[in-house]
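Subject: Structure handover and notes

Hello,

Please find the structure below, with my notes after it. Could you read the two side by side?

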Amino acid sequence: MEENVKICCPKCDWEPDGGQYWMCNCGFVWDTFSTAARCPSCGKQHEETQCIDHVGGCGGFSSHLDWYRNLDKWVKKEVKESFEEVAVPALPAGE
Ligand SMILES: [Zn+2]
Ligand SMILES: [Zn+2]
């Protein structure tokens with residue numbers, strides 16, 4: 001992780017402190033920023049991330065990518081690959 005990368009809420013600038021505040025639809029609780037918003041249990045890629053209000057955040061939802069300031073290559077690559085796994089573009093035949 002590069003030094004100039006900062007993670008904070010796009011709406012209120014709350015910074016995640018490494019706590020496991022996020023819960024997947026499958027019920028698994030983890031730190032979503034440790035896996036670029038992919039559930040370690042069921043593999044679901046979450047496109048939106050909620051700010052955690054009970055530890056100082058605003059409770060709003062934002063796109064996971066919007067949380068990264070000075071997004072580094074690792075995160076971009078990680079998230080891109082994750083999205084490609086769930087949404088593969090279909091190419092028209094014969095072109
Ligand atoms: Zn899950
Ligand atoms: Zn917030």
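The notes start with conventions and overall layout, then go through single residues.

This is a predicted model, in which local features need pLDDT of at least 70 and side-chain atom pairs count only at pLDDT 80 or more, while totals for chains, interfaces and linings use all residues. Residues are numbered from 1 along each chain as its sequence is written, and chains are lettered from A and ligands numbered from 1 in the order in which they are written.

Overall layout

The protein has 6 strands and 1 helix. Helices are DSSP runs of H or I with at least four residues, strands are DSSP runs of E with at least two, and both are numbered from the N terminus. Read from the N terminus, the order is β-β-β-β-β-β-α. Of the 95 residues, 15% are buried. A residue counts as buried if 20 or more other C-beta atoms lie within 10 Å of its own, as exposed if 12 or fewer do, and as partly exposed in between, with C-beta atoms placed from the backbone. Two residues are in contact if their C-beta atoms, again placed from the backbone, lie within 7 Å. Among contacts between residues at least 6 apart in sequence, 46% join residues at least 24 apart.

The two histidines

His46 sits in the loop between strand 3 (29–30) and strand 4 (48–50). His64 belongs to the loop between strand 5 (61–63) and strand 6 (68–69). Their C-alpha atoms are 7.6 Å apart, with the two positions 18 residues apart in chain numbering. His46 is partly exposed because it has 17 C-beta neighbours inside 10 Å, whereas His64 is buried because 20 other C-beta atoms lie within 10 Å.

Beyond neighbours within four places in sequence, the contacts of His46 are Thr32, Ala37 and His64. For Thr32, which is 14 residues away along the chain, the C-alpha separation from His46 is 8.8 Å. With residues up to four places away left out in the same manner, His64 touches Ala37, His46, Glu47, Glu48 and Thr49. Ala37 is thus in contact with His46 and also with His64.

Other residues in the loop between strand 3 and strand 4

Ala36 lies in this loop. Its phi is positive, near 55°, although the residue is not glycine. Ala36 counts as buried because it has 21 C-beta neighbours inside 10 Å.

Ser41 is in the loop between strand 3 and strand 4 as well. Ser41 is exposed because its C-beta neighbours inside 10 Å number 12. Apart from neighbours within four places in sequence, Ser41 contacts Cys24, Cys26 and Phe28. The C-alpha atoms of Ser41 and Cys26 are 7.9 Å apart, and the two residues are 15 apart along the chain.

Asp13 and Leu71

Asp13 is a non-glycine residue with a positive phi, about 70°. Asp13 is placed in the loop between strand 1 (6–7) and strand 2 (22–23), and it is exposed because it has 12 C-beta neighbours inside 10 Å.

Leu71 falls in the loop between strand 6 and helix 1 (73–86). Leu71 is partly exposed because 16 other C-beta atoms lie within 10 Å. The C-alpha atoms of Leu71 and Ile7 are separated by 8.7 Å, with the residues 64 apart along the chain.

Regards
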